[in-house]
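Q: I'm new to this structure and would love a close look at one part of it. Could you walk me through it in a friendly way?

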Amino acid sequence: MNLSEVFRTAGTDNRLLAIAEKVQNNQRISDEEGLLLFEKGELAFVGALANFIAHRLHNGKVYFNRNFHIEPTNVCVFTCNFCSYSRQYKHRDDGWELSLEQMMDIVRKYDGQPVTEVHIVGGVHPKMNLEFFCELLSRIHAHRPDLHLKGFTAVELDYMFRKAKVSTEEGLRRMQQAGLQSLPGGGAEIFHPDVRNIICADKVDGDGWLNIHETAHRLGMHSNATMLYGHVENYAHRIDHMSRLRALQDKTGGFNCFIPLKFRNQNNDMSHIKEVSIIEDLRLYAISRIFMDNFRNLKAYWPMLGRQTAQLTLAFGVNDLDGTIDDTTKIYSMAGSEEQSPSLTTEELCNLIEDAGRTPVERDTLYNEIQVFANQ
Ligand code: V47
Ligand code: SF4
């Protein structure tokens, strides 16, 4: 009995069976079919398909990296309603603003340790400009040339480049020359203006976000893509978002991975919105895996999801758990995540992956394999 026959005996709708056929034949599903999965796809159905795809692509391997974050500041000129982390400039005494030296102290803490990536992301501070961040990148690169510098969301970059009066291409070139190698996926939220105008009206719009990533890809940089889900968006908004990312990936091939980010509702202006259930989380991961057929890697960011839910996603299409983190990010602990001081040793991450029946593999930022940890 093949997979479709199993679903047929389970009484699955014919249109869903047609999607299962497509998945088995490695064919792309349409926006309408993606929407149907959200509306009608039961967890076990979408999960089985997503798991099948993840095995076909990765043969049971799950990736992680050894990384740490630098969050230069939480002072921000923008007012995203879901953000629990930022402070307005006039209230900057409640927040933090790290100097170049303080950030270099963080980097030096990892001297001699086998970390491969630093992830730099923070609020959009009106006084931390392009020159300041190029200096930071140059200093880190000079101190530790082996470290992959991944940093700055399209939101931070858009503001920095406009303020410096340089084009996106010129700004990215300058940062690349200073040592920047990849962009993280933040700031994407939901591209559709009907949602964006409610949750984050004043920062770069969807076209602007996509344009910055497209330009980075053209300059030879890689980047990630995120989607903030589980607030005021509907299923069609999610499909619109993923469809636009899939189209850009067809064009450039520059995205490393897709990272759905679950909206957490503590300490922000959207706290009245109930968080979605774990069933919705898992369905979302599975449907992303099915829909985003040109993204090899689907990441569950455990500091946001909590390590147990992140572990469960490994049965629903996920093949990457991000990194060791070493308690260097505050974004999610401030938004109510179970992970109040996110840090996992390599051994703990490996155990988590092995307990889910998968093979842990340390990767670098570009998903080159560094070490395969054989199952014990
Ligand atoms: O853009 C902010 C999200 C993002 C909340 O590229 C929230 O490897 C949920 O993008 N509930 C920034 N999410 C972080 C980010 C990221 C994280 C880890 C890895 C990578 C990567 C990128 O955090 C923001 C926004 O979407 N966010 N507040 C909240 N209350
Ligand atoms: Fe600022 Fe980012 Fe928070 Fe928006 S999500 S308010 S851009 S720190």
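Is Cys 257 buried or exposed?

A: Happy to help, and please keep in mind that this is a predicted model. Cys 257 is buried, because its relative accessible area is 0%, and the cut-off for buried is under 20%. Let's stay with this residue and look for a bonding partner. A disulfide is a covalent bond between the sulfur atoms of two cysteines. The structure holds 0 disulfides, and Cys 257 is accordingly in none: the nearest cysteine sulfur belongs to Cys 350 and lies 19 Å away. To count as a disulfide, two cysteine sulfur atoms would have to be within 2.5 Å.

Cys 134 makes a good companion to look at. Its closest cysteine sulfur is in Cys 76, and because 19 Å lies between the two sulfurs, they are too far apart for a bond. Cys 134 also counts as buried, since its relative accessibility is 14%.

For some context elsewhere in the chain, you could turn to a pair of helices. Helix 2, residues 14-24, packs against helix 3, residues 31-40, at an angle of about 120 degrees, and their axes are 10 Å apart. The two helices are therefore oblique to each other, and their crossing is left-handed. On the helix 2 side, the contact is made by Arg 15, Leu 16, Ile 19 and Lys 22, while helix 3 brings Glu 33, Leu 36, Leu 37 and Lys 40. Sorted by character, the residues of this contact are 4 nonpolar and 4 charged, with no polar ones.

How values were computed
Residues numbered from 1 in each chain as written. Chains lettered and ligands numbered in written order. Predicted model: local features only at pLDDT ≥ 70, side-chain atom pairs only at ≥ 80, totals over all residues. Heavy atoms only, no water. Axes fitted to C-alpha atoms, helices over the stretch in contact; angles between N-to-C directions. Helix = DSSP H or I, 4+ residues; strand = E, 2+ residues; numbered from the N terminus. Parallel < 35°, antiparallel > 145°, perpendicular 65-115°, else oblique. Left-handed = near helix turned anticlockwise from the far one by under 90°. Contact = heavy atoms within 4.5 Å. Nonpolar A, V, L, I, M, F, W, Y, C, P; charged D, E, K, R; others polar. Buried < 20%, exposed > 50% of the residue type's maximum accessible area, 1.4 Å probe, protein only.
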